[in-house]
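Student: Please take a close look at one part of this structure, and then follow the connections from that part to the rest of the chain. I should like numerical detail wherever it can be given.

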Amino acid sequence: FPPAVFPLSCVVQNYSWGKVGLESEVAKLVASGDPLVQIQPDQPYAELWMGAHPRGDALIRDNRIPQKTLGQWIADNPACLGAKVKDAFQGHLPFLFKVLSVNTALSIQAHPNKELAAKLHAQFPEHYPDANHKPEMAIALTRFEGMCGFRPVEEIVSFLQNVPELRALIGEVAAEQLERSGSDDPRGVSAALRVCFTRLMKSEKKFFVDQLNMLVKRISQEAAEGKDTSGSNGDLLLRLHSQHPGDIGCFTIYFLNLVRLEPGEAMFLGANEPHAYLHGDCVEIMACSDNTVRAGLTPKFIDVLTLCEMLNYTPAPSSSKIFPAAQSQLDPHVYLYDPPVPDFTLMRIEIPASIKLYLISAMDSASILLVIQGTAVGTSTAAASEMSLHRGSVLFISANESISLHLSSPDGMLLFRACCLL
């Protein structure tokens, strides 16, 4: 039999928003995973793609396997996905697993649901490359900041009253409509919020640039005088404006929640949820798609109309955006992040130093294992030989295969395992 468990060499994406050189968790993982890789000190290392996506198909690091990439191997051995996964996702790996190292803010974006994705792909294939939805989940590796979902209305109203430049862009009628909308009428609140946000995003470029410059000038002066600028979200405004000067996205901080994750905490981004990652390192798992509708903090193609039409305008506090991990009933070392979509589940595996032998159990799904810390030798009846595992190692594990880890590190191990639990 060909080996069904094997190491991968994964694709790095050098997007400009990434952390630079060895500041980047992506670069550190790549450097420890393969000592021959040279990390360029002035190059951004933004994303590590672990999967079979055509724009970043992982290479197989096992010369006994004739196929060069994971995508080719799965196409030739679709049973490796597991019977249910293979049937449900037409012989494709349903998820893409990533590490992100974010230095400057990513664009304000949302991902379409399946119905909208199919429509956008049919109409504008050059901007929407496939017909799939793209729910995603981020789990912090270091302290991580992002914006996600609409803030509670009272917070937005407070900004409308404290930030005259924002109110000018939205206009008095829309602002008053939101101020008057009552919590007893959630549909009315969502409608008022949609009007306000759409008016902001569609405001005339010259007008919003003038208002933004006035706002930045005012906040900078107040900060220089030692005044508290939190009523205008001053710190974040100045930071985003320094990264994306003159960008409408700077104003979205008054509408979207600021979510701060500690390592191990997660946020789940369902379809139509507005979000933007701001800073930090995370692992991310998503449906295998590249569909993104953008509307600010970016030089890329922006589609304001589609974004404003599709968004979920339900206000909620930022605490509600933190997605809980559940300790596995079967194994106390496993924490499950199991979102309300079928495409993916992520496991965080924390093995204490006292354990010297640990079994990565078999499941009815292909999975990808990433080592964040610790060292071990892995053995499997499905692997050609024993595998040395250390920080940055990435393994593909076919469905129904297990791996015994013989741990050799004094501080235990931290692993993430991406899979599909149908």
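Tutor: The part I have chosen is Cys80, which lies in the loop connecting H2 with helix H3 (83–88). The model under discussion is a predicted one. Cys80 counts as buried because its relative accessibility is 7%, and the cut-off for that class is under 20%. Its position also brings together remote parts of the sequence: Cys80 and Glu401 are separated by 321 residues along the chain, yet their C-alpha atoms are 9.3 Å apart.

The helix on one side of this loop leads to the aromatic contacts. The model contains 11 aromatic pairs. One of them is formed by Phe6 and Trp73, whose ring centres are 5.0 Å apart and whose planes make an angle of 70°, an edge-to-face arrangement. Phe6 belongs to strand E1 (residues 5–9) and Trp73 to helix H2 (residues 70–76), so that the pair joins distant parts of the chain, 67 residues apart. Phe6 counts as buried because its relative accessibility is 0%; Trp73 is also classed as buried, at 3%. A further pair, Tyr15 with Trp17, is tilted, with 5.8 Å between the centres and 40° between the planes. Here the two partners fall into separate classes of accessibility: Tyr15 is partly exposed because its relative accessible area is 24%, whereas Trp17, at 12%, is buried, the boundary being 20%. Tyr15 has another contact, since the charged end of Lys300 sits over its ring at 5.6 Å from the centre. An arrangement of this kind also involves Arg348, which lies over the face of Tyr335, 4.4 Å from the ring centre. Elsewhere, Phe150, Phe197, Phe255 and Tyr313 are joined into a cluster by ring pairs.

Cys80 and Phe6 can also be placed against the annotation. An unreviewed UniProt entry lists "domain: Phosphomannose isomerase type I catalytic" at residues 5–153. Over this range the chain is 22% helix and 27% strand, with 50 Å between the C-alpha atoms at its ends. The unreviewed entry also places a "binding site" feature at Gln109, His111, Glu136 and His275. These residues are spread over 167 residues of sequence, but in space they cluster, with a largest C-alpha distance of 12.3 Å. Gln109, His111, Glu136 and His275 are included in the lining of the largest pocket. Gln109 is part of strand E8 (residues 109–110), and it counts as buried because its relative accessibility is 10%.

Several loops deserve separate attention. Asn272 is found between E12 and strand E13 (275–287). Its phi is near 70°, a positive value in a residue other than glycine, and its relative accessibility of 15% places it among buried residues. Leu297 offers a second case, with phi near 60°, again positive in a residue that is not glycine. It occupies the loop from strand E14 (293–294) to helix H11 (304–310) and is buried at 2% relative accessibility. Glu262, in the loop between strand E11 (256–261) and strand E12 (266–269), is partly exposed because its relative accessible area is 36%. Glu262 and Leu141 are 121 residues apart in sequence, while their C-alpha atoms are 7.8 Å apart.

The contact of Cys80 with Glu401 in space leads finally to the C-terminal stretch of numbering, where a sheet can be described. Strands of a sheet pair through backbone hydrogen bonds, in either a parallel or an antiparallel sense. In this case four strands make an open sheet with the order E19-E24-E21-E22 and antiparallel pairing. Strand E19 (357–360) and strand E22 (387–389) are at the edges; each has a single partner strand, so one side of each lacks a neighbour in the sheet. From one strand to the next, the twist averages 30°. E19 pairs with strand E24 (residues 403–407) in the antiparallel sense through four bridges, and within this pairing Leu359 stands opposite Ser404 in E24.

How values were computed
Residues numbered from 1 in each chain as written. Predicted model: local features only at pLDDT ≥ 70, side-chain atom pairs only at ≥ 80, totals over all residues. Heavy atoms only, no water. UniProt positions renumbered as here; feature names shortened; annotations may be inferred. Phe/Tyr/Trp six-rings, centres within 6.5 Å; stacked < 30°, edge-to-face > 60°. Buried < 20%, exposed > 50% of the residue type's maximum accessible area, 1.4 Å probe, protein only. Lys NZ or Arg CZ within 6 Å of the ring centre and 35° of its normal. Pairing = 2+ DSSP bridges. Axes fitted to C-alpha atoms, helices over the stretch in contact; angles between N-to-C directions. 1 Å grid on protein atoms, 1.4 Å probe; cavity = no way out; pocket = protein on both sides within 12 Å on 5 of 7 lines; lining within 4 Å.
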